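Me: I've just opened this one up and don't know my way around yet. Mind walking me through it with a few questions?

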Amino acid sequence: MILRPQTGDFLVIGRHTGRVIVGVGFLMLPPLLVALLGGEWNPAIDFLVGVGACLTVGFALELACRGAREPSWTHGMVIAAVSWLAAMALGAVPGWLSGHYGSYLDACFDAMSGLTTTGLFLLQDLDHASAGLNTWRHLLSWAGGQGIVVVALAFLSSGRGAGAYTLYVGEAKEERLLPSVVSTARAIWFVSFAWMALGTFALLAAGLAIGLAPHRALLHGVWVFMGGWSTGGFAPMAANLLYYHSALYEMIAISICIVGSFNFALHWAVWTGNRAELRRNVELVSFAVTMAIALLLVAAGLARLGVYPDATALFRKVFFQVASGHTTTGFGTVYARAFVTQWGPLAMIGLTLAMAIGASSCSTAGGIKGLRVGVLAAALLQEARRLISPERAVVAQRFHHIGTRHLTDAVVRSAALVALWYLATYAIGTVAGVWYGADIASALFEAVSAGSNTGLSCGLTGPALPAGLKIVYILEMWVGRLEFMGIIALFGFAAALARGK
Amino acid sequence: MMGRAARGFLLFLLLLAAPVSAAVSPRVNPEFAAPGPGMPAGVTVASAALIENASVWDNRSISFAGEAVGEAMIRGDHAWLHVNDDAYQARNLDDGRPRAGYNSGQAIWAPAELARRVRLFGDYRNEGDAVRVSGEFHAACREHGGDMDIHATGLEIVREGHSVAQKLNIGRLWIGLALLAIAGALWLMRFRGARTGTR
């Protein structure tokens, strides 16, 4: 028998969603400050309205839902799913008011793209956008990469309740670095801020060396770091990272993307002295293997077409684009349409494969994830060994992820199920793209990019995209980022509301 | 010791190091301009045509016009410029131009003395100088790591840029302040509720 949700359930969800919305409001303060410092008065007003809207809705929800108990497991999942939608709806306000979007839906698209660290965008005339708006786009990515619920947990919550962990898991993060979830959330932020200081400094120095004015070198350094570390892929100029024409700048940016795509637990292990983890971790091994396969495919496709004049140019372009796709960042040093007009189908397939797999679990990256690919590969190996072993032999398989673990049927089943969900999401997005008139290669590329939260585009995504396809991509980004559990819980909650007793 | 797989990968990369000839004939998108017989050198080409039909425009002398955006990134005796030939090249969104899609343009590699002729670059506050560049287009530049670019031999300012007048949106400011006042009142109610134990 399905139990119909009670008022108390709504109170729990409302209260915590309200808290996350308040967090989004506070997150608008840095872009407001940047706008004020830069004398960008109208963008500053847009952020003032955004802050006011978030705090009003957030405090009203918290007030209306006072007396709520601690969230249960299901609540945590539903709260995560609902919070991300609410954060999108309110996070879109400053962008929508800026006049750079064709509609509120377009602003929501970009807000969801930022929060889910995707990087696809519909913002028009980016090259004339204000510093405040650019700060907001990148900050959305940055906060989304850490997990907005984690943000709220880290800064707005005592987090002593047992429910805190369910919220954390609801955002597709499972690793506990420290005993308390709030301590874990704060540790994630500590690691991120340390890397931010280092990465921004490196990009600032490179920016100055390549001829950016000091204030622009600093702003671009912060923004590109945020876009890279969060594997978001937003950039301050329409030409994306092609704008800088610098191997040094590209190398620093892609290194940030790769480091940002590593599991936070791996960061923590290395941070606390366990450097052997770098050699043994299944996710890193899986990443290295699939990255090599994707590099070979893309390089072979481009070499066949003779797109690049020599191996240096070929390697620079291929490595950057594939690493950007595999880490699900979405930075690009070729024009979007060039994937179709220059790169051709084989290279696009290689890049699509890299995006579909994605990087590490419990990181800012999206996609199926290296851990699951590693687990499934280990299961395949185990099956092969079982076939050639005597019938009575017990074939045990282990894999290393922070610690050495046994490959159980439950682990394989879980990895296979989530991988299947991703494949289904990619397929639905592709069918939708073809339905709206795109060729299958472009539709697949864009659907995988949205579903894996990558953000590379082959030119299909744009302000003129049909509204239906924009909604499909928004949903893809949302389900891809939350890794389905929260979404399934939300639909289960809705079904219980309609059919429960 | 290098593993067998790593050796194979390196061998593959070495094979790629040999000059690769275009084995497949270039594809031309008929919806965009492409060079035809008798077409004079230095014809003005749009960025969309250069991207869509990159291989057929490769190494040709062309002319390219648009708004200089960002900045001139000086690198020794040369500089990088970005020139947008999109709908915003005369007036941008904040200058009252209706929305008309993404920016689009080309990267220009120009002698530094030519780049310094540009006084104003497009950004939030400014509509940049409109320039006309003549030079050679490269679909994948050998000198610049495969970047698509135009090596400029000439650059002229065809229209000076201007700063964009921003009219303060007072009505929206009042809405923001009103929302903040409501949020403040709600926070006080919530705070008092928490102190009296109703949480």
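Reply: Sure. One definition to start: an angle over 145 degrees between two helices counts as roughly antiparallel, and one under 35 degrees as roughly parallel. Also keep in mind that this is a predicted model.

Me: So how are α2(A) and α7(A) oriented to each other?
Reply: In chain A, helix α2 (residues 29-37) packs with helix α7 (residues 131-146), and their axes are 8 Å apart. The angle is about 160°. Angles over 145 degrees count as roughly antiparallel, so α2(A) and α7(A) are roughly antiparallel.

Me: What is the handedness of that crossing, left-handed or right-handed?
Reply: For α2(A) and α7(A), the crossing comes out right-handed.
The contact there is made by P30(A), P31(A), V34(A) and A35(A) from α2(A), and from α7(A) by A131(A), G132(A), T135(A), W136(A) and L139(A). By class, that contact has seven nonpolar residues, two polar ones and no charged ones. Back to your question, the crossing is right-handed.

Me: Is L90(A) buried or exposed?
Reply: L90(A) sits in helix α4 (residues 73-91) of chain A. Setting aside neighbours within four places in sequence, L90(A) is in contact with I21(A), V24(A), A53(A), C54(A) and V57(A). The cut-off for buried is 20 or more other C-beta atoms within 10 Å, and L90(A) has 24 such neighbours, so L90(A) counts as buried.

Me: Over to chain B: how many helices and strands does chain B have?
Reply: Follow chain B along the sequence and you get the pattern α-β-α-α-β-β-β-α-β-β-β-β-α. In total, that secondary structure comes to five helices and eight strands.

Me: How far apart are the centres of domain 1 and domain 2 of chain B?
Reply: Chain B is divided into domain 1, covering 37-163, and domain 2, covering 168-199. Taken over C-alpha atoms, the centres of these two domains are separated by 49 Å.

Me: And which element gives the largest share of the side of chain B that touches chain A?
Reply: Between the chains, 63 residues of chain B are in contact with 67 residues of chain A. On chain B, at least two residues each come from α1 (4-17), α2 (47-52), β2 (61-75), β3 (78-84) and α5 (170-195). The largest share is 13 residues, and it comes from α5(B).

Me: How many residues on that side of chain B are nonpolar?
Reply: The side of chain B that touches chain A has eleven charged residues and 17 polar ones. The nonpolar count there is 35.

Terms used
Residues are numbered from 1 along each chain as its sequence is written. Chains are lettered from A and ligands numbered from 1 in the order in which they are written. This is a predicted model: local features need pLDDT of at least 70, side-chain atom pairs count only at pLDDT 80 or more; totals for chains, interfaces and linings use all residues. Domain bounds come from an automatic or database domain assignment. Two residues are in contact if their C-beta atoms, placed from the backbone, lie within 7 Å. Helices (H or I, at least four residues) and strands (E, at least two) are DSSP runs, numbered from the N terminus. Ala, Val, Leu, Ile, Met, Phe, Trp, Tyr, Cys and Pro count as nonpolar, Asp, Glu, Lys and Arg as charged, and the others, Gly among them, as polar. Axes are lines fitted to C-alpha atoms, for helices over the stretch in contact, and angles run from 0 to 180 degrees between N-to-C directions. Angles under 35 degrees count as roughly parallel, over 145 as roughly antiparallel, 65 to 115 as roughly perpendicular and the rest as oblique. A crossing is left-handed if the near helix is turned anticlockwise from the far one by less than a right angle, and right-handed if clockwise. A residue is buried if 20 or more other C-beta atoms lie within 10 Å of its own, exposed if 12 or fewer, and partly exposed in between; C-beta atoms are placed from the backbone.
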